[in-house]
Structure formats: structure tokens, C-alpha cells
Amino acid sequence: MGGYQDANYYRVSPCLIVVGSWCCRLILFVIWLPTFLHVTAQESHADHRRTTSLVELAKEPTSGDSGLFDPIEISPSVIPKVPFPTESVPPMYPIPYVPTRYEPVLTGKCPVNFSRPEISNILDKAAFDCFGPLASLVGNVVCCPQFSSLIHIFQGFFGMKSNNLVLSNAVADHCFSDIVSILASRGANNTIPTLCSIKSSNLTGGSCPVKNDSTFERTVNTSKLVEACRTVDPLKECCRPVCRPAIMDAALQISGRQMMINNDNMAGEMNHTDYLNDCKGVVYSYLSKQLSSEVANKAFRILSACKVNKVCPLTFKEPSDVIAVCKNVAAPSPTCCSSLNTYIAETQQKILITNKQAIICATQFGSMLRGGGVMTNVYELCDVDLKDFSIQALLAFGVQDAGCLLRSLPGDVIFDNSSGVSFTCDLSDNIAAPWPSSSSFTSLSFCAPEMSLPALPISQSLKNIGCNSAGVGFLVIFTFFVSIVVLRF
């Protein structure tokens, strides 16, 4: 790991041959400083006779002179935007249907008071997010992340007054059944476990060797873990994660014991992933006991959003028909555009996706077309937008031509007594789908360069590039001498 970090964290310049890039920059800065002192400030007056082009007027101002924090050059849909009071808010698509609530039939064998606010509120949220026939459409982005969060929070809530972090197999079966029954009684789809691939065994800790508070707290630096996940920034966590690596580190620590036991046999090696996943569930349970249900739910939803927005949830079959009619086009072609639009429509007719997922899907599909020989930007020729990669019409709910991309930040299905359930879309205009620059598809990053890697202390950076304290001291004296010489002459 150390070699990997050295290779990626530090960019070596030619100056490293002598003393390292930081040292060279120090020399250049001090040499340049005296020349800066001779610069005379002059008052600058605006020339009203000069005609400014529309292109110049349209440019956004940079942050400071360096432009270091310029907006990322990606579709505007990617950047979360808080509307100003004068701007219209993102469109909401109401589903004219009010869920029918009824009293659920419970097993009576789950020793939990489901009416307690800390668990009842999360159940309500999951019921709306997984509302009836809408659940499958928003399953990947809204329903399953919220249902998964509910399971984690329930697991911690169950052991709140005990030393346990997991449920026994028998009790887990009964409680899981009650959870699904309560959700269904509040309007949720009763096939959520299948839709989200979550079972009662997720409540048991599975093969993780640590299943109680006392052992967990002896093994893990719990104060560090809780602090890392107490306040999760929805924008920074996906680029420079804090909570996610803390959870992974804790899971590795508590799973390490069983992994060491099985280290000498192949079966044990194959089960390491299972141990790790089971232990991550135990870590989530511990966090749920230490944080309020609202704080824990927010953190878990943000972590899920970071994960789902890294991949395209659509499955693209081989686009041979599209390639055949679009391979040699250089201008808008009805045959090519018809084939392209039909292919996309058939691919995206099942689910709603986020703006970031749409960018990845468009790039992935475009790479497939380029690999087949379609070199012209057919997205532009055929007016293909990002929202074309998300379902366009919710006919079953009376919504025509929705053309909706969900927000990349965690969102929920909203319930209103008068209008029923609704969800918020991130785009109300048409954003062109990006055409890839090559046929080889690689993972996309939506993070600015300065957000991609954690910063190291200056002393550590200097040490890694070969500038020890003695070398830095010598350079400071040397550059100071050079500065005096320059100033004199």
C-alpha cells in the first residue's frame, strides 16, 4: 500500500533530481519575489469604447486569480444546485395516489416496540420511499438505500438496552417479517426484500466473529469511528471519504481474527469477503446505537449515494443494429436517429436514474458505439439528452413525458394528503448527453483534482520528496542571499 500511495500522491517534477519539487518552488519564489517588489501599481480605467463579446460576458468568474476552484467541466446536472428565491425549484412529479394504511398482522415474537418514534419515523420514510408500484422504478437510488438503512438502524435499536449488536437467527426471522408487514401496511411494496436482495440474515451478523459491544470496543477505536460518521458531508464524502474508510477499517479489525484462523485453507480465503461484509453490518449496528436515528440514517444514505452514483444501472445489449445504420453518418440521418432512439428507449424503460448515473450510462453506451466504428457524435446529431437515459413516462400513474433524472444527492419520495406521493427531479431542461473521446470506457470521476486525494502535512510532503530539515535550512539561507544580491542590483 505504501508504494501505491507514493506513486499516486506525489507528482515528481524534473527538479526532484536536485532537491525536490517543493525545494525548487521555494527557490523560484524567493528569486521572483524581489522582481515583484519593483512592480508599480497603476490605476486602470475601464474603456467604455471597447465592445465585449457575448462569449466573454457568458464566462463565469473564477475563484481568485488562479482559477483553482473553477467549476468542474461536466454537465451542469452533476453539480448540486440550491435555487435562489427568484429561481424555479426542480420539478416535482406527483403520483395521484394516496396509500391505504391498515393495521399489520405481526408475529408477536419480535420483542420490539415499533411505535417508538426513533424506529417508527424511519419505517414511515422507508414505506414512502418504497411505495407500491413505484418501488421498482426508484429501487436502485431511493428505495433500497433507505430499506438498507432501516435494517442497520433497527439492528442497533434492537440491542440498545443490551450488550448485543446482532439478533439471533430465530428472532431475526420474526423481526424481519414484522418489518416487511409494517412497511406493507403503510403502502410499501411487499416484495422489497427480493427487490433489494436483503434477508433476515442481515440482522444476525453472519460469520463476523465480533457480535457484542464489549468485544467491539476492545478491538476498535470507537471514538474515532463515531466521530468520523457523526457528520457526513454529502459533497465531500464521495470524493474525500471520511466515514466510509473508518467503517471499512473497523470491519477489517473485527473480521481479522476469523480471517487469521482460516488463512491457511482455500475455503477460508474464499470466505474473506463474506466475513468482511458481515462485519460491516456489525459496524453499522454499533454506529446506530451511538448516533440518533436521524443522524445515522443521513450518514447511511449518503454512503449509499456515493456507491450507486459510481456505476450505470442500465444493461446495454450489443447495439449492432444502431452501429449498422450510424457507422458512416456525418449529418442528421432519420434512419440512424430512429434506431438510436429506439435502442435507448428500450434500455431505459424500467427505472429512474440520477444525473451522475446518466452521464456514466451515456459515456458507456457511446464507447460501445465508437468501438463498433461510429466515430461521429450521434448524440448531437440526434438530439440525445441525458434525461433520455432515464424513464420518460410514468403512464401507470398518469404522468406523461416525465423525462426525469433524480438528484445524485440522497432523496426521498414525499407524501402529501392532497396530492399523494411525489418525487423530485433534478433537471427541468435538456442537457446534451456527453459523447466519449475514445472507445475504451473507464470509470468517471466527478471530483475536482484538489478533492481527489487527502492533503499531507508540509513536513511529511517535504520528507517524501527528499527535502529534510537540513536541506530546507540550507536552501532558505541560499535563497535569502540570492534575494539580497538581486535587490542590490
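These questions and answers deal with helix α5 and the spaces it lines in a predicted model.

Student: How do the axes of α5 and α13 lie to each other: parallel, perpendicular or oblique?

Tutor: Helix α5 covers residues 139–158 and helix α13 covers residues 293–308. Their axes come within 9 Å and cross at roughly 135 degrees. Angles over 145 degrees count as roughly antiparallel and 65 to 115 as roughly perpendicular, with the rest above 35 degrees oblique. The two helices are therefore oblique.

Student: Into which classes do the residues of the contact of α5 with α13 divide?

Tutor: On the α5 side the contact includes Asn140, Gln146, Ser149 and His152. On the α13 side, Phe300, Arg301 and Ser304 are among the residues that take part. By class, the residues of this contact are 7 nonpolar, 7 polar and 1 charged.

Student: Is the crossing of α5 with α6 left-handed or right-handed?

Tutor: Helix α6 spans residues 169–185, and its axis comes within 12 Å of that of α5. The axes cross at roughly 130 degrees, which makes α5 oblique to α6. As for the hand, α5 passes α6 in a crossing that is right-handed.

Student: How many polar residues does the contact of α5 with α6 have?

Tutor: From α5 come Phe147, Leu150, Ile151, Phe154 and Phe158. They meet Val171, Cys175, Phe176, Ile179 and Leu183 of α6. Because Phe, Leu, Ile, Val and Cys count as nonpolar, the class count is 10 nonpolar and no charged residues, and the number of polar ones is none.

Student: Which element gives the largest share of the lining of the largest pocket?

Tutor: This pocket has a volume of about 1100 Å³. Its lining has 33 residues, and those nearest its centre are Ser148, His152, Lys280, Tyr284 and Lys307. Two or more lining residues come from each of α5, α7, α10, α12 and α13. The largest share, 8 residues, comes from α5.

Student: Which element gives the most to the lining of the largest cavity?

Tutor: The structure holds 1 cavity of 30 Å³ or more, and the largest has a volume of about 40 Å³. Among its lining residues are Val141, Pro145, Arg301, Ala305 and Val308. The elements that give two or more residues to this lining are α5 and α13. With 3 residues, the one that gives the most is α13.

Student: How many charged residues are in the lining of the largest cavity?

Tutor: Arg301 and Arg407 both belong to this lining, and Arg counts as charged. The lining also has 6 nonpolar and 4 polar residues, and its charged residues number 2.

Terms used. Residues are numbered from 1 along each chain as its sequence is written. This is a predicted model: local features need pLDDT of at least 70, side-chain atom pairs count only at pLDDT 80 or more; totals for chains, interfaces and linings use all residues. Side-chain values use heavy atoms; hydrogens and water are left out. Axes are lines fitted to C-alpha atoms, for helices over the stretch in contact, and angles run from 0 to 180 degrees between N-to-C directions. Helices (H or I, at least four residues) and strands (E, at least two) are DSSP runs, numbered from the N terminus. Contact means heavy atoms within 4.5 Å. On a 1 Å grid over the protein atoms alone, a cavity is a set of points where a 1.4 Å probe fits but cannot get out, and a pocket is an open set with protein on both sides within 12 Å along at least five of seven lines; lining residues have an atom within 4 Å of a point. Grid points are joined across faces, edges and corners, and a volume is the space filled by probe spheres set on the points. A crossing is left-handed if the near helix is turned anticlockwise from the far one by less than a right angle, and right-handed if clockwise.
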